[in-house]
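Have the sequence and the 3D view open side by side while you read. The text goes from one helix to the open spaces, and then to the interior.

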Amino acid sequence: MEQILAPPPPPQTSNLPPQETWMMVTAVNETLHNALASDPKVIMFGEDVEDPKGGVFGITKGLSSKYPERIVNSPLAEASIAGIGGGLAMAGYKPVFEIQFIDFALPAFNQIANQIATLRWRSNGAFKCPLVLIAPCGAYLPSGGPWHSQTAEGLYAHLPGLQIVMPSTPHDASSLLKASIASDDPVLFLLPKHLFRKHFQAVPDEPLTLGEAIVRVEGQDATAVVWGNCVEVAIEAAEKLAKEDIALEVVDLQTLVPCDWKTIQESVAKTGRLIVVQEDNVTCSFGQAIVSEIISRPESWDVMAAPPQLITRPDVHIAYHAILEEHILPSVAQVCDAVRKSMRY
């Protein structure tokens with residue numbers, strides 16, 4: 001069987017201009033400016049992406065004023081966004097298209113699943129589809145409800161040939177977006193809305209590549225594997241547990257497909273305990289896939305000191321009411337309780 005994905009592009013740095021803090025939304029916007037300036041084949045198409053709105057979250061603000069023929073509003077038709085993007089990618093362009101919320105992407109599922117993700121495989125590598133679909137995702141913002149608060153990564157990770165990225169910091173979002181645009185395969189680039197306008201301290205640029213996890217917090221007692229909004233939850237839990245002399249290691253996947261199994265395995269081998277934290281719902285989720293993969297490996301099973309724990313949203317819709325939303329999403333307290341439970345073994 002031929003490899004479905006092409007080799008990853010070279011590691012990328014963000015090259016963001018120096019300043020004291022960055023927000024993810026401005027880092028992505030800056031990266032898109034640079035991509036458009038450096039490659040005339042980069043084009044954008046999506047709902048309200050033109051100025052003055054620049055997208056529902058301002059991700060593309062200022063782009064159409066500078067590149068009016070390459071940043072174009074789409075109709076409210078996600079199937080058209082994905083279908084046109086796939087066709088242009090096959091024609092040699094680099095489409096970076098936006099879907100307003102990942103919740104709205106299901107009308108485009110046929111295009112993504114049956115056309116975009118399958119092209120390399122069904123052409124035996126003769127054709128490629130280097131498309132980036134940017135989609136804001138996630139909850140932890142009250143009153144989004146079931147159509148504005150999903151992450152849905154488990155649904156799309158099920159599609160061979162489609163890469164899934166979900167960064168958690170501005171610099172990593174910039175570096176991974178550059179890597180995604182440079183990739184020869186389609187990428188679903190999920191941006192956690194809760195982190196959009198959070199100010200992050202500027203950090204030195206580290207080259208990143210697709211499929212590379214980052215250890216956010218070092219520890220030796222337990223491993224938390226997280227991505228997106230749940231990175232913040234796990235880091236806060238690690239800080240709280242440190243006061244109890246429990247060292248929680250936090251592994252931020254950043255890229256779900258391809259997944260950095262090596263980093264997960266090395267961390268679990270060190271700690272002997274695995275806690276996976278996700279905001280997607282539980283059944284057939286990526287979190288369940290991680291637990292299944294790790295415990296099915298003899299090298300993991302032999303070092304496990306406790307059963308793995310999965311902290312996740314149950315199989316319920318995200319409520320409009322802020323208190324109900326908070327109740328069903330993973331919390332710092334849940335992560336801490338799961339780690340303490342693992343430490344009893």
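Is helix α7 mostly covered or mostly uncovered, and how many of its residues are buried? The model is a predicted one, and in it α7 is mostly covered, with 11 of its 13 residues buried. Buried here means that a residue has under 20% relative accessible area. Among the buried residues of α7 are P170, H171, D172 and A173 at lower numbers, and A179, S180 and I181 at higher ones. The helix runs over residues 170–182. At 1.5 Å a residue it should span 18 Å, and its end C-alpha atoms are 18 Å apart, so the expected span and the model agree.

Helix α7 also leads to an open space. It gives 4 residues to the lining of the second largest pocket, the largest share of that lining. This pocket has a volume of about 360 Å³. Its lining consists of 20 residues, and those nearest its centre are S168, T169, D172, F200 and R216. Two or more lining residues come from each of α7, β8 (200–201), β9 (214–217) and α8 (230–242). Sorted by class, the lining holds 9 nonpolar, 5 polar and 6 charged residues.

The largest pocket comes next, with about 420 Å³ of space. It is lined by 19 residues, and Q150, A152, L155, D280 and N281 are the closest to its centre. The elements that supply two or more residues to this lining are α6 (153–157) and β13 (274–281). Of these, α6 gives the largest share, 3 residues. The classes in this lining are 9 nonpolar, 6 polar and 4 charged.

Pockets are open; a cavity is a space from which the probe cannot get out. How many cavities of 30 Å³ or more does a search of the whole structure find? The search finds 1, and about 40 Å³ of space lies in it. Residues from separate parts of the numbering line this cavity, including I4, I116, K128, G161 and D185. Its lining divides into 6 nonpolar, 1 polar and 3 charged residues.

Now turn to the nonpolar interior. The largest nonpolar core has 45 residues, and those with the most contacts inside it are I102, I112, Y156, W227, L253 and I290. Helix α10 (residues 286–295) contributes the largest share of this core, 4 residues. A second, separate core has 33 residues, among them A35, M44, L191 and L210.

To see one core residue in its surroundings, select W227. Leaving out residues up to four places away in sequence, W227 touches residues that include L253, L256, V276, F286 and I290. The contacts of W227 also take in E153, D252, Q254 and Q278.

The last stop is a residue in a loop. L329 sits between α12 (322–328) and α13 (332–343). Is this loop residue, L329, buried or exposed? L329 has a relative accessible area of 3%, so it is buried, since the cut-off for buried is under 20%. With residues up to four places away in sequence left out, L329 touches A139, Y140, E279, R313 and Q334. One of these, A139, is 190 residues from L329 in sequence, yet the two C-alpha atoms are 8.3 Å apart in space.

Terms used:
Residues are numbered from 1 along each chain as its sequence is written. This is a predicted model: local features need pLDDT of at least 70, side-chain atom pairs count only at pLDDT 80 or more; totals for chains, interfaces and linings use all residues. Side-chain values use heavy atoms; hydrogens and water are left out. On a 1 Å grid over the protein atoms alone, a cavity is a set of points where a 1.4 Å probe fits but cannot get out, and a pocket is an open set with protein on both sides within 12 Å along at least five of seven lines; lining residues have an atom within 4 Å of a point. Grid points are joined across faces, edges and corners, and a volume is the space filled by probe spheres set on the points. Ala, Val, Leu, Ile, Met, Phe, Trp, Tyr, Cys and Pro count as nonpolar, Asp, Glu, Lys and Arg as charged, and the others, Gly among them, as polar. A nonpolar core is a set of buried Ala, Val, Leu, Ile, Met, Phe, Trp, Tyr and Cys residues joined through side-chain atoms within 4.5 Å. Buried means under 20% relative accessible area, exposed over 50%, partly exposed in between (1.4 Å probe, protein chains only). Contact means heavy atoms within 4.5 Å. The expected span of a helix is 1.5 Å times one less than its number of residues.
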